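Dear colleague,

I am passing on the structure we spoke about, together with notes on what turned up when I went through it. Please read the notes with the coordinates open beside them.

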Amino acid sequence: MSSTLAKIAEIEAEMARTQKNKATAHHLGLLKARLAKLRRELITPKGGGGGGPGEGFDVAKTGDARIGFVGFPSVGKSTLLSNLAGVYSEVAAYEFTTLTTVPGVIRYKGAKIQLLDLPGIIEGAKDGKGRGRQVIAVARTCNLILIVLDVLKPLGHKKIIENELEGFGLRLNSKPPNIGFKKKDKGGINLTATCPQSELDAETVKSILAEYKIHNADVTLRSDATADDLIDVVEGNRVYIPCIYVLNKIDQISIEELDIIYKVPHCVPISAHHRWNFDDLLEKIWDYLKLVRIYTKPKGQLPDYTSPVVLPYSRTTVEDFCMKIHKNLIKEFKYALVWGLSVKHNPQKVGKDHTLEDEDVIQIVKK
């Protein structure tokens, strides 16, 4: 373990003292690839027979979405969690000894949202210290990350936390790079770029892939990509998660400063202690989660608007809806009647491939 850490430190030092220019881009690309490989080793150590039982850090996934809270100690994470959960949640006494906190599930706009405190990510977790690794595994399953920052010293903390999360292959508020990558059995490295590249050339691409012992592949660059983008695609274990920066303790700053903060993207200023601006935060959380609510309508009755079926925006077909309710439902499915934005007529008869929109009403007709 320690040797890997030493290697990482060594490469980071070399990257820091290498000037960035066209001549060194190639070399830096190589170093970045090596770094990514070492980091992966830390997160998923080789062999070792697995840690026996009782190491588990997994939290049962309940609700329609889960939000991870990350932040330094004493920025008011727990206050925020208990106040959010206290105001909006159905409190349940969980017996979780492993993850010390499953602070709660909040109901918002009919969706159940699980709030998780992710403790101890910060203190060198990506180097495999502490419980860090299990925490990361949980962090990677979140639908949204909230980074809680202290308004008085936000930027330093923000950088450190972002670096830690990036180190485990989380990518915040970004889209997967537009790079086609396909391994082959023969034919060398085929590089096609559909637009001018400022950083990657054939040689750099080759050497990065060579680090991964890949000598035959088709690579298509459809946007101006960086070495990091290419590495992300090759590693293939990156998770793209939206993220909101929560600036806490705004009761300690002036109105003018607050106005400036409001203009920062992905930021919500709040005061956890005074419960200021929680509604704004919840609204933003809802925006970033992009959940789709579907109301059900039993035959001959009014739609049930109290408990929607909530789907993630990437999977909103009628089939997905059926799977969410029960996996046998799709076998008996004949057609569905849908009222709402996704159809031209109300109601409209649709098949299982029809895509639903937020707040549609659906009635399933069985065979």
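I begin with helix α9, whose buried residues are F278, L281, L282, I285, W286, Y288 and L289. Seen down the axis of α9, these buried residues fall within an arc of 165 degrees, so they line one face of the helix. That pattern can be set beside a general point: an α-helix has 3.6 residues a turn, so residues three or four places apart point the same way. The helix runs over residues 278-289, and at 1.5 Å a residue its 12 residues should span 16 Å, which agrees with the 16 Å found between its end C-alpha atoms. Just after α9, K290 takes a positive phi of about 50 degrees.

Please keep in mind throughout that this is a predicted model. As for the chain as a whole, it has 11 helices and 16 strands, and buried residues make up 44% of its 367 residues. Among contacts with a separation of 6 or more, 67% are between residues 24 or more positions apart. The accessible surface of the protein chain comes to about 19200 Å², with 53% of that area belonging to carbon and sulfur atoms.

Which residues touch the most other members of the largest nonpolar core? They are I67, F69 and L80, in a core of 28 residues. At least two residues of this core come from each of β1, α3 (77-88), β2 (104-108), β3 (111-117), β4 (144-150), β10 (243-248) and α9. The helix described above, α9, gives the most to this core, with seven residues. L80 shows how these parts meet, since, leaving aside residues up to four places away in sequence, L80 touches F69, V148, V246, I270, A272, F278 and L281. There is also a second, separate core of 26 residues, which includes L118, I145, F168 and I261. As a general matter, nonpolar side chains in soluble globular proteins tend to be buried together.

I145, one of the residues included in that second core, lies in strand β4 and is buried, with a relative accessible area of 0%. Setting aside residues up to four places away in sequence, I145 touches G68, V70, A139, L165, L170, L172, I241, P242, C243 and I244. Of these, L172 is 27 residues from I145 along the chain, and the C-alpha atoms of the two are separated by 8.2 Å.

A charged side chain may also deserve your attention: R66 is placed in strand β1 (residues 65-71), and R66 counts as buried because its relative accessibility of 3% falls under the 20% cut-off. The side chain of R66 makes a polar contact with the side chain of Q114, at 3.3 Å.

Turning to the loops, C195 lies between β7 (189-193) and α6 (202-211). Is C195 buried, partly exposed or exposed? At 23% relative accessibility, C195 counts as partly exposed. With residues up to four places away in sequence left out, C195 touches L221, R222, S223 and D224. For the pair C195 and R222, the distance is 6.5 Å from C-alpha to C-alpha, although their positions lie 27 residues apart in terms of sequence separation.

Some backbone features may be worth a look before you use the coordinates. K213, in the loop between α6 and β8 (217-221), is a residue other than glycine with a positive phi, near 55 degrees; K213 is exposed, with a relative accessible area of 68%. E359, which is not a glycine either, has a positive phi of about 65 degrees; E359 is placed in the loop between β15 and β16 (360-366) and is partly exposed, with a relative accessible area of 40%. Finally, a cis peptide bond joins N346 and P347, with omega at about -10 degrees, and P347 is found in the loop between β14 (333-339) and β15 (348-350).

With best wishes

Key:
Residues are numbered from 1 along each chain as its sequence is written. This is a predicted model: local features need pLDDT of at least 70, side-chain atom pairs count only at pLDDT 80 or more; totals for chains, interfaces and linings use all residues. Side-chain values use heavy atoms; hydrogens and water are left out. Helices (H or I, at least four residues) and strands (E, at least two) are DSSP runs, numbered from the N terminus. Buried means under 20% relative accessible area, exposed over 50%, partly exposed in between (1.4 Å probe, protein chains only). Contact means heavy atoms within 4.5 Å. Accessible areas come from the Shrake-Rupley method with a 1.4 Å probe; for residues, only the protein chains shown count as cover. The expected span of a helix is 1.5 Å times one less than its number of residues. The arc is that of the directions from the helix axis to the C-beta atoms. A polar contact is a pair of N or O atoms within 3.5 Å; within protein, one must be able to donate a hydrogen and the other to accept it, and residues adjacent in sequence count only if both atoms are side-chain atoms. A nonpolar core is a set of buried Ala, Val, Leu, Ile, Met, Phe, Trp, Tyr and Cys residues joined through side-chain atoms within 4.5 Å.
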